[in-house]
Structures are given as C-alpha cells and as structure tokens.
Amino acid sequence: MDIDPDDIFRDDEDPDNEFYQEKDATKELLVYLVDASPKMFSTTCTSEEEKDVTHFQVAVRSIAQSLKTQIINRSYDEVAICFFNTSEKKNLQDSNGVYVFNVPEREDLDRPTARLVKEFDCIEESFSKQIGSKYGILSASRDNSLYNALWAAQALLRKGSAKTADKRILLFTNEDDPFGNIKGVTKMDMMRTTLQRAKDTQDLGISIELLPLSRPGEDFNISTFYADLLGLEGNDLAEFKALVGERLGDMKDQLRKRMFRKRKVRSIYFIIASGVTIVLNTYALVRPTNPGAITWLDSVTNLPIKAERSFFCSDTGALLQKPPKLFQTYKNENIMFSVDELSEIKRVSTGHLRLLGFKSLSCLKDYHNLRPATFVFPSDEELVGSTCTFIALHRSMLRLKRFALAFYGSPTNPHLVALVAQDEIVSASGQVEPPGMHMIYLPYSDDIRPIEELHSDTNQATEDQIKSASSLMKRVDLKNFSVCQFANPALQRHYAVLQALALDEDEMPDIKDETIPDEEGMARPGVVKAFEEFKLSVYGENYEQENELMDTGKTSETSKKRKAVAEHATKEYANYDWSDLADNGKLKELTVAELKIYLSVHNLTVTGKKEALISRVLTHMGK
C-alpha cells in the first residue's frame with residue numbers, strides 16, 4: 001500500500017521525484033555574429049542625437065550595452081563575439097573571413113569580463129587597423145564567409161548540453177542577399193551548402209535568429225535568402241517582415257527585445273480535471289532588483305571572509321558533530337524532530353496547479369492583486385497536447401468573461417490564484433502582448449480588512465471643489481504612464497560605481513534621476529493656474545496665513561531638535577579620518593551612531609541596518 005500516493009510529504013531535494021528536478025534551461029550560451037562587410041560601414045541612419053551612425057556602429061553599441069547589462073543581471077551566461085566578412089582571420093577552424101574577438105585569459109565562449117567590455121568599447125576605432133573589412137563572398141572565389149561563420153559559431157557552442165542550456169546565434173546584417181554578386185551554378189551550390197550548414201546547426205539544438213538592419217528607403221527583403229535559412233514561412237514570415245523597421249528607434253527597440261529574451265522560471269503541471277493535465281511554463285514579468293549582498297573581505301588578503309557556526313553541549317562543552325534536533329513536549333515526554341522531519345511536516349502540497357472552478361471577472365477586485373502576477377504559457381515539450389487544451393480553455397474564458405480559480409500548491413507558500421486570460425495584441429510593428437494567462441496571487445481572508453470611516457462627519461466636497469480638482473488632475477496627468485519608464489536612481493548609481501571601478505574609469509558616469517519632479521512642467525502657466533484655483537476653492541483666500549500661525553508652535557520644537565543633531569554631527573565629524581577608515585576596512589568597527597554622523601553631515605539617509613549604512617558611506621565616498 002502506498003502511504004503517500006500524491007507525494008504530499010516529499011521534499012524538493014528528493015532525487016527520485018522528477019517533478020522537483022530542474023528541467024528548465026537556466027543558462028544561455030550566445031554567439032553574436034556580426035557582418036563586417038563594407039556595406040555595414042557605408043550605410044548610415046540618423047541617431048537620437050541627430051548624428052549619422054553606421055549599421056556596424058548600431059550593432060556594436062547594442063552588443064556592448066547588452067554585455068554590461070548581462071554582467072549585472074545574468075553573469076552566469078556565456079557569450080562569444082564573432083565577425084565575418086573580415087580581412088583578418090582568427091578562429092579554431094582557420095577559416096577565411098571569420099574573426100572571433102576575445103581578450104587574454106578568457107575562452108572564446110565564456111562569461112563576459114570587465115576587460116572584454118572595456119576593449120570591445122574601443123572596437124569601432126581599432127577595427128579597421130586590427131581586423132579590417134572586405135566582402136567574403138565573391139564570384140571569383142569559392143570562399144563563403146557566411147558558411148564559415150556559421151561553422152565557427154557552431155563549434156563555439158559545442159560545450160554544454162542543449163537540455164541544460166539555451167544555445168543561440170544572433171546574426172547582425174544589412175545584406176538581404178549575401179550571394180547577389182554570384183550567378184549560375186556556383187550561386188546555387190553556395191546557397192545550398194550554407195542552408196545545409198544552418199540546418200545542421202539547428203538540428204543540434206542551436207537556434208539562429210536574424211537581426212536585420214534596413215537601409216534608408218529600402219526594406220530588408222528576408223524572402224530573398226534568410227527566410228529559407230531561418231525556416232520561416234506563412235504567418236511566421238509575415239510577422240517577421242512586420243518587425244523590420246527603417247528608423248533607428250525601431251531598430252534599437254527590436255534589437256533589445258530580441259537580445260534580451262524572456263526565459264521561463266519553471267514548468268508546472270496544471271490539473272484541469274481527473275485524468276486531464278497539461279504543462280505550463282511560468283514567466284516572471286517583474287523581478288525585484290537589489291544592489292546585492294555585502295561581502296566582507298579580509299583587510300590583509302582581500303579574500304572573502306567565511307562564517308562558520310558550531311554547536312557545543314551546554315553541559316559538557318563538547319563539540320556537537322550531528323545537526324541539532326528540535327523537540328516538542330507531549331505528555332511529559334520530549335518528542336525529537338530532525339530538520340528533514342520538520343521539512344516534511346511543513347510541506348502541505350506537491351507544487352501542482354489544480355483547477356477549482358470559474359468565476360465572473362467582476363468578482364476579481366483590484367485589491368486582490370497582492371504582488372506582481374506570473375505569466376503562464378503552455379508547452380508541448382513534456383506533455384503533447386498541452387497547447388491545444390490550453391487554447392480551448394483560453395478562448396472559452398475570453399468569450400464568457402470568466403477567470404479560473406485554482407490552488408497553486410507552492411511547497412513553501414500555497415496560494416489560491418486567479419488565472420486571467422489575455423488576448424493577443426498586435427500593432428503595425430508586430431506583437432505587443434502575447435496570448436496567455438496571468439496568474440494573480442489572491443489574498444487570504446485575514447488580509448482583507450474592512451475600511452473604517454474615522455471621519456464620517458467630514459464635510460462633503462462642493463461641485464466647484466470637485467471641478468477644480470478634476471481640472472488639476474488632467475493638467476498633471478502623465479499620459480501612457482508605466483513604471484518601466486523610470487529607472488531606480490539608487491540602483492543606477494550603485495551600478496555606475498561598480499562599472500567605473502571594474503573598467504578603471506576616471507569619472508563615474510552621470511546618472512539622471514528621472515524620479516525628480518518636473519519643475520519646468522509644473523511651472524507652466526496652465527498648471528500653476530490649476531493649482532491656485534484648487535487651493536482657493538478648497539482652503540480659501542487666507543489659508544496660508546492661518547496655516548503659518550498654527551504651524552509655528554509645532555515646527556519650532558522639531559526644528560530645534562534637528563538643528564541640535566546637525567550641530568552635534570558637524571562637531572564630531574572632524575574627530576574621524578573617514579578616508580583612512582574606509583581604505584583599511586575599519587568602518588565596520590564603528591557603531592551605528594558613529595556612522596550616522598557621516599551620513600547626517602552629508603545629508604544622506606540615516607535609516608537601515610549597519611551593513612546598509614556602511615555601504616551608503618562607501619558609495620558616497622566612491623570606494
């Protein structure tokens with residue numbers, strides 16, 4: 001008899017349970033394949049600064065930016081940079097017209113390093129001298145630089161398994177017909193061998209993606225050659241054509257979307273009914289970004305300090321070799337529990353998503369959305385038929401305006417969730433939103449509290465007050481607002497300091513704080529007038545004078561305290577050699593009160609734990 005048929009008390013670490021084994025590809029191996037033919041240098045387009053830039057510059061700058069982003073977000077991914085149609089050659093196969101760019105002490109396909117980023121930033125100036133550009137496919141020669149480039153990229157991506165890593169080739173070019181200068185049997189033969197090389201590469205689990213750069217006044221015609229190389233036809237071909245833009249803004253937007261591809265977090269089983277189960281891939285739409293944990297270093301060796309914890313017996317003082325056990329007293333007897341036993345007891349679910357029923361969308365309130373939702377999409381890789389079943393369910397939910405109520409059995413934090421279907425949104429430039437479902441984490445009943453009316457006798461707003469408030473909101477409303485439009489200035493400053501240190505830059509890059517109010521916009525006559533009308537309708541003409549009289553007594557005492565704290569901090573500040581303390585790693589020996597002295601003098605935030613205060617001081621000092 002199977003005591004636990006549903007694996008309710010099974011741990012994530014159990015090796016015999018395949019569901020808990022990570023099947024997702026958590027690592028990406030990527031080769032940037034850049035066309036370096038003379039046409040990439042001669043074709044220009046207007047940038048945001050109204051300056052003409054070549055397509056080669058667009059490709060190189062996009063790659064440079066992605067390398068810097070990757071070091072911060074996905075440092076475990078490995079990349080290689082390969083140019084083709086070059087004068088010089090540098091590759092394992094010793095093929096003509098292919099140059100693999102790299103720096104010493106780094107493999108051709110490896111994690112990006114600070115030295116790689118620094119030297120690649122200078123590639124525009126040094127390319128013509130060190131590498132050179134020339135057409136690698138000529139009628140008078142049998143050399144085929146595109147074939148050689150695909151072969152070199154395939155060789156670079158041999159490391160690792162396709163089951164444990166995503167392997168991609170990103171091809172930058174503005175030449176839609178690489179064999180246009182060749183005719184007859186030679187052209188057919190070279191096209192056939194190149195297409196076969198691409199097919200062999202894709203058969204090995206390596207995806208090839210094209211990032212076309214359109215010439216001014218002329219669209220990139222993918223049907224000429226690259227549609228066959230990528231295997232595009234029908235709707236896929238039509239959608240790809242819609243993505244090709246002439247303007248640099250469109251190009252850079254498409255490059256960013258293609259280079260930073262969404263990757264699934266994990267796969268889960270969605271149990272719809274008894275005997276009906278499909279597989280869904282989950283994607284995180286919003287992730288919290290933190291500066292990273294503070295690592296303490298030894299002041300002499302500069303190596304990370306490792307913390308170790310040992311347990312000693314309180315009676316004998318002997319070192320305990322086995323991990324401690326917790327106990328629960330029951331009938332005057334201590335029942336011992338190991339860590340594994342406690343883990344099994346606390347685990348109440350298997351991690352599956354189980355459908356409970358359907359409800360009208362009107363039952364789903366805004367305040368039910370506790371945290372960023374997870375996007376789910378079907379996958380036929382593990383269970384064939386998942387996509388077909390999901391589409392039928394998705395269409396019915398959209399047509400009937402229902403959402404699915406389900407139990408998400410997260411092993412550590414089980415939740416009731418709402419699956420809300422999202423229809424596909426397509427614009428002239430391609431897909432804006434994909435079809436799928438959003439998994440919204442619903443609150444527990446204790447999390448929903450009734451609103452208490454503490455000021456029920458408050459006077460109601462008049463029609464004039466409502467009108468003036470509405471007019472003010474229309475004036476200051478941010479059209480098409482999205483939180484993604486604004487970067488976190490603290491994080492950007494933190495990463496800028498890290499970048500300057502890693503690349504040995506003399507000056508820290510300027511960080512624009514986009515969260516600061518728009519003073520010029522607020523000073524527009526229409527906005528100022530709306531503010532004055534709102535103040536006049538709500539508070540009256542003598543509000544400012546009355547407010548000053550009321551606040552004089554309240555603020556005087558507070559301002560005295562703040563002034564005293566500031567004077568004390570200024571007086572004590574001179575007693576410390578802050579630069580010496582930072583250089584010798586002795587800031588951690590100071591107390592929290594002493595660290596706040598530095599922060600107060602420089603008008604920095606004084607809240608947080610000791611590690612956060614030290615980090616704030618070091619960031620301000622640029623160390």
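Val34 faces Phe172 of strand β6 as its opposite residue, and this pairing is a convenient entry into a part of the fold where several elements meet. The model is predicted, so that local features are described only at pLDDT of at least 70 and side-chain atom pairs only at pLDDT 80 or more, whereas totals for chains, interfaces and linings use all residues. Residues are numbered from 1 along each chain as its sequence is written, and side-chain values rest on heavy atoms, with hydrogens and water left out.

## Strand β1 and its neighbours

Strands (E, at least two residues) and helices (H or I, at least four) are DSSP runs numbered from the N terminus. Two strands are taken to pair when DSSP finds at least two bridges between them. By that rule β1 and β6 run parallel and are joined by eight bridges, while β1 also pairs with strand β4 (residues 78–84), again in the parallel sense, over seven bridges. In the latter pairing, Leu33 stands opposite Cys82 of β4. Eight of the nine residues of β1 are buried, so the strand is largely enclosed by the rest of the structure; here buried means under 20% relative accessible area, exposed means over 50%, and partly exposed lies in between (1.4 Å probe, protein chains only).

## Aromatic contacts

Rings of Phe, Tyr and Trp (its six-membered ring) pair if their centres lie within 6.5 Å, and planes under 30 degrees apart count as stacked, over 60 as edge-to-face and the rest as tilted. Searching the whole structure in this way gives 13 aromatic pairs. In one of them, Tyr32 and Phe172 have ring centres 6.5 Å apart and planes at 45°, so the pair is tilted. Tyr32 belongs to strand β1 (residues 27–35) and Phe172 to strand β6 (residues 165–173), so that this contact links distant parts of the chain, 140 residues apart. Both Tyr32 and Phe172 are buried. Tyr576 and Trp578 also make a tilted pair, because their ring centres are 5.1 Å apart and their planes lie at 35°; Trp578 counts as buried at 4% relative accessibility. Elsewhere, one aromatic cluster is formed by Phe41, Phe56, Phe83 and Phe127.

A charge is said to sit over a ring if NZ of Lys or CZ of Arg is within 6 Å of the ring centre and within 35 degrees of the ring normal, and Arg371 lies over the face of Tyr441 in this way, at 3.7 Å from the ring centre.

## Strand β13

A further enclosed strand is β13 (residues 374–378), of whose five residues four are buried, so that it is largely enclosed by the rest of the structure. β13 pairs with β9 in the antiparallel sense over five bridges, and in that pairing Thr282 stands opposite Val376. Strand β18 (residues 436–441) also runs antiparallel to β13 and is joined to it by three bridges, with Met437 of β18 standing opposite Val376.

## Salt bridges

A salt bridge is a side-chain nitrogen of Lys or Arg within 4 Å of a carboxyl oxygen of Asp or Glu, and by this rule the count comes to ten. In one of them, Lys39 is bound to Glu175 with the closest N and O atoms 2.6 Å apart. This pair links distant parts of the chain, since Lys39 is in helix α1 (residues 38–42) and Glu175 is in the loop between β6 and α6 (184–203), 136 residues away. The side chains of Asp94 and Lys89 meet in another salt bridge at 3.6 Å, N to O. Glu209 and Arg168 do likewise at 3.3 Å, N to O; Glu209 lies in strand β7 (residues 206–212) and Arg168 in strand β6, so the pair ties together parts that are 41 residues apart in sequence. Salt bridges with shared partners join Glu28, Arg168 and Glu209 into one network.

The table gives the accessibility of several of these partners.

| Residue | Relative accessibility | Class |
|---|---|---|
| Lys39 | 22% | partly exposed |
| Glu175 | 16% | buried |
| Lys89 | 38% | partly exposed |
| Glu209 | 13% | buried |
| Arg168 | 0% | buried |

## Loops and surface

Asn302, in the loop between β9 (276–284) and β10 (326–330), has a positive phi of about 65° although it is not a glycine, and it is exposed with a relative accessible area of 53%. Lys331, in the loop between β10 and β11 (333–337), likewise is a residue other than glycine with a positive phi, near 50°, and it counts as exposed at 69% relative accessibility.
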